[in-house]
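Trainee: I would like to learn how to read a structure feature by feature. Where do we begin?

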Amino acid sequence: MDETKMTNTPETELPPAEEKVPTEADTLREQIRQMEEKHTADLARMQIEHETKYALARMGAKNPALAAKVLDMSAITYGEEGICGLKEQLDKLRISDPYLFHSTAEGEKTATGLSHGTPFADPDSMTDAEYYRFVRRF
């Protein structure tokens with residue numbers, strides 16, 4: 001009778017009921033979750049890089065790609081409210097390394113490309129003689 005009793009050996013032990021054996025579906029779900037996290041992080045990084053280079057170009061950086069490498073990118077974060085910390089980083093950079101930016105004198109306008117040629121005079125503000133001289137040019 002002793003021989004008919006089952007002994008608990010490692011071959012016959014069953015896992016406890018509360019332990020869940022990972023299935024292929026569980027491993028695939030975990031892989032998908034990891035890929036989504038990686039995708040979200042990559043998207044945030046690309047958004048930060050794009051906004052940084054765009055902001056540097058707007059500020060008049062001579063070489064936005066080079067100036068972006070000087071910034072502390074760990075202090076810039078991307079969230080639901082947008083990009084945080086970029087403005088502070090750019091202000092610090094403009095103060096610490098002004099040679100990276102084009103200097104514009106106070107009151108000096110930056111060329112936009114919209115001022116080509118001579119502007120047409122307002123005919124209502126001209127005298128008759130000025131108007132006829134102006135018209136004869138064409």
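Trainee: Which residue forms a salt bridge with Lys 87?

Mentor: This is a predicted model, so every value here is computed from it. To call a salt bridge, look for a side-chain nitrogen of Lys or Arg within 4 Å of a carboxyl oxygen of Asp or Glu. Lys 87 pairs with Asp 91, and their closest N and O atoms are 3.2 Å apart.

Trainee: Why can Lys 87 and Asp 91 be only about one helical turn apart?

Mentor: Because both sit in helix H3 (residues 86-96), four residues apart. Check the surroundings too. Lys 87 is exposed, at 57% relative accessible area. Asp 91 is partly exposed, at 34%.

Trainee: How many salt bridges does the whole structure hold?

Mentor: A search of the whole structure gives six. Two more are worth a look in helix H1. Arg 45 and Glu 49 meet at 3.3 Å, N to O. They are four residues apart in H1, about one turn of the helix. Both are partly exposed: Arg 45 has 41% relative accessibility, and Glu 49 has 34%.

Trainee: And the other one in H1? How far apart are the closest N and O atoms of Arg 33 and Glu 30?

Mentor: They are 2.3 Å apart. Here the spacing is three residues, again about one turn, within H1 (residues 24-59). Arg 33 is partly exposed at 36%, and Glu 30 is partly exposed at 33%.

Trainee: Which residues are linked with Arg 33 in a network of salt bridges?

Mentor: Glu 30 and Glu 37. When you find one pair, look for further partners. In this case Glu 30, Arg 33 and Glu 37 form a network.

Trainee: Now the interior. Which residues touch the most other members of the largest nonpolar core?

Mentor: To read a core, ask who its members are and who has the most partners. This core has 13 residues, and Leu 56, Leu 90, Leu 93 and Phe 101 touch the most other members. Then ask where the members come from. H1, helix H2 (64-70) and H3 each supply at least two residues of this core.

Trainee: What is Leu 56 in contact with, beyond its neighbours within four places in sequence?

Mentor: Setting those neighbours aside, Leu 56 contacts Ala 61, Pro 64, Ala 67, Ala 68 and Leu 71. Its contacts also include Leu 90, Leu 93 and Phe 101.

Trainee: Back to H3. Which of its residues are buried?

Mentor: Leu 86, Gln 89, Leu 90 and Leu 93. For a helix, plot the buried positions around the axis. These cover an arc of only 95°, which puts them on the same side of H3. Next, see what lies on top. The cover over the buried residues of H3 includes H1, H2 and strand S2 (82-84).

Trainee: Which exposed residues does the face of H3 turned away from its buried side carry?

Mentor: Lys 87, Lys 92 and Ile 95. Lys 87 is the residue we saw in a salt bridge with Asp 91.

Trainee: Gln 89 has a polar side chain. Why does Gln 89 count as buried?

Mentor: Because its relative accessibility is 11%, and buried means under 20%. For such a residue, look for what its side chain reaches. The side chain of Gln 89 comes to 3.2 Å from the backbone nitrogen of Asp 72. Beyond residues up to four places away in sequence, Gln 89 touches Leu 71, Asp 72, Ala 75 and Ile 76.

Trainee: How far apart in space are Leu 66 and Leu 100?

Mentor: Compare sequence distance with spatial distance. Leu 66 and Leu 100 are 34 residues apart in sequence and 8.6 Å apart in space, C-alpha to C-alpha. Leu 66 lies in helix H2. Leu 66 is partly exposed, at 46% relative accessible area.

Trainee: Finally, the overview. What pattern does the protein chain follow along the sequence?

Mentor: The pattern is α-α-β-β-α-α, built from four helices and two strands. Then read the totals. Of the 138 residues, 15% count as buried. The chain exposes about 12200 Å², with carbon and sulfur atoms supplying 56% of it. Among contacts with a separation of 6 or more, 49% come from residues 24 or more positions apart.

Methods. Residues numbered from 1 in each chain as written. Predicted model: local features only at pLDDT ≥ 70, side-chain atom pairs only at ≥ 80, totals over all residues. Heavy atoms only, no water. Buried < 20%, exposed > 50% of the residue type's maximum accessible area, 1.4 Å probe, protein only. Core = buried A, V, L, I, M, F, W, Y, C linked by side-chain atoms within 4.5 Å. Contact = heavy atoms within 4.5 Å. Arc of directions from axis to C-beta. Polar contact = N/O pair within 3.5 Å; in protein donor to acceptor, adjacent residues only side chain to side chain. Areas by Shrake-Rupley, 256 points an atom, 1.4 Å probe, with all protein chains shown as cover.
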